[in-house]
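Biologist: I have a structure open here and would like to go through it. Can you put it up on your side?

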Amino acid sequence: MADDKEVLKVVTTGLKGPTCLSIIKTLMADDKEVLKLVTTVLRILERQDLKDSVDNCYYRVSQEGLPFILPYITKQRLELSSADFLNLLKERFLMLPGAPLSDKQGPRNTVLANESTLKVLETVKAGCFIAEMVPADAAALGFSHGTHETDGALAANAPLAISAWKGRASISHMVEKAECIQMIDKIESAVARAAKEAVGAAKE
């Protein structure tokens, strides 16, 4: 190190085995505390301010940590059709049947009407859950494991999955605006491509 102000930045995403061990040894050998730790964790959970009288869910799954924790989540998961998934991303809220309209959700207030989805939603407790696109719909749009479409927010470990919240009157997503726009753009492009291919196939 040139001086004690120099900062060593290490990107640890995806590092395993010998690489992680080497980093740990380097940190342990820093007796004079020359190295400055910028961050040592990936945010998996975030504190949730309870605004909907949900007493049993004080934390929510962070979107950035979702691809890493999703394989271990067996409950609190809800599959949505591609249309409902896209509507949720666009509008942030999907109202539940019979819920009063609220100015807070904006003028659209799209109601989740798919009966099979609503039936599964009944088993999902109020609070944080994972919303994901129905696998068949995702595959039809070209989103599958190992394709270029599943990088970043659409990682292979979390294909079209987002952190969401179930309240008394609606479900909502918890994706940052920039990432949400990126996901909407990819899905709409895939929908347009699939529609174009369907028209071409019909003409043959």
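Modeller: Strand 3 and strand 5 run parallel and are joined by 4 bridges. Two strands pair here if DSSP finds at least two bridges between them. Helices (H or I, at least four residues) and strands (E, at least two) are DSSP runs, numbered from the N terminus. This is a predicted model, where local features need pLDDT of at least 70 and side-chain atom pairs count only at pLDDT 80 or more, while totals for chains, interfaces and linings use all residues. Residues are numbered from 1 along each chain as its sequence is written, and side-chain values use heavy atoms, with hydrogens and water left out.

Biologist: Which residue in strand 5 is the bridge partner of arginine 77?

Modeller: Isoleucine 130.

Biologist: And how do strand 5 and strand 6 pair, parallel or antiparallel?

Modeller: Antiparallel, over 6 bridges. In that pairing, alanine 131 stands opposite isoleucine 162 of strand 6.

Biologist: How many residues of strand 5 are buried?

Modeller: 7 of its 7, so strand 5 is mostly covered, where buried means under 20% relative accessible area, exposed over 50% and partly exposed in between (1.4 Å probe, protein chains only). For the protein, 35% of the 204 residues count as buried.

Biologist: What about the largest nonpolar core, how many residues does it have?

Modeller: It has 28 residues, and those with the most contacts inside it are Phe85, Leu89, Leu121, Ile162, Ile171 and Ile187. A nonpolar core is a set of buried Ala, Val, Leu, Ile, Met, Phe, Trp, Tyr and Cys residues joined through side-chain atoms within 4.5 Å.

Biologist: Which elements supply at least two residues of this core?

Modeller: Strand 3 (77-80), helix 3 (82-91), helix 4 (115-121), strand 5 (127-133), strand 6 (161-166) and helix 6 (177-203). Helix 6 gives the largest share, 5 residues. There is also a second, separate core of 10 residues, which includes Leu66, Cys128, Ala161 and Met174.

Biologist: Back to leucine 121. What is it in contact with, leaving aside neighbours within four places in sequence?

Modeller: Leu78, Leu96, Leu112, Lys166 and Ile171. Contact means heavy atoms within 4.5 Å.

Biologist: Different topic: serine 172. Buried or exposed?

Modeller: Serine 172 counts as buried because its relative accessible area is 11%. It is found in strand 7 (residues 170-173). Not counting residues up to four places away in sequence, serine 172 touches Leu88, Arg92, Phe93, Ala164 and Trp165.

Biologist: And where is serine 62?

Modeller: In the loop between strand 2 and helix 2 (66-69). With a relative accessible area of 2%, serine 62 is buried as well. Apart from residues up to four places away in sequence, it touches Arg43, Ile44, Leu45 and Glu46.

Biologist: Now the outside. Which residues make the nonpolar surface patch?

Modeller: Leu45, Tyr58 and Tyr59 make one of about 320 Å². Patches are made of residues with over 30% relative accessible area and no salt bridge; like charges are joined within 9 Å, nonpolar side chains (Val, Leu, Ile, Met, Phe, Trp, Tyr) within 5 Å. A salt bridge is a side-chain nitrogen of Lys or Arg within 4 Å of a carboxyl oxygen of Asp or Glu. Accessible areas come from the Shrake-Rupley method with a 1.4 Å probe; for residues, only the protein chains shown count as cover.

Biologist: Why does tyrosine 59 count as partly exposed?

Modeller: Because its relative accessibility is 45%. Tyrosine 59 lies in strand 2 (residues 59-61).
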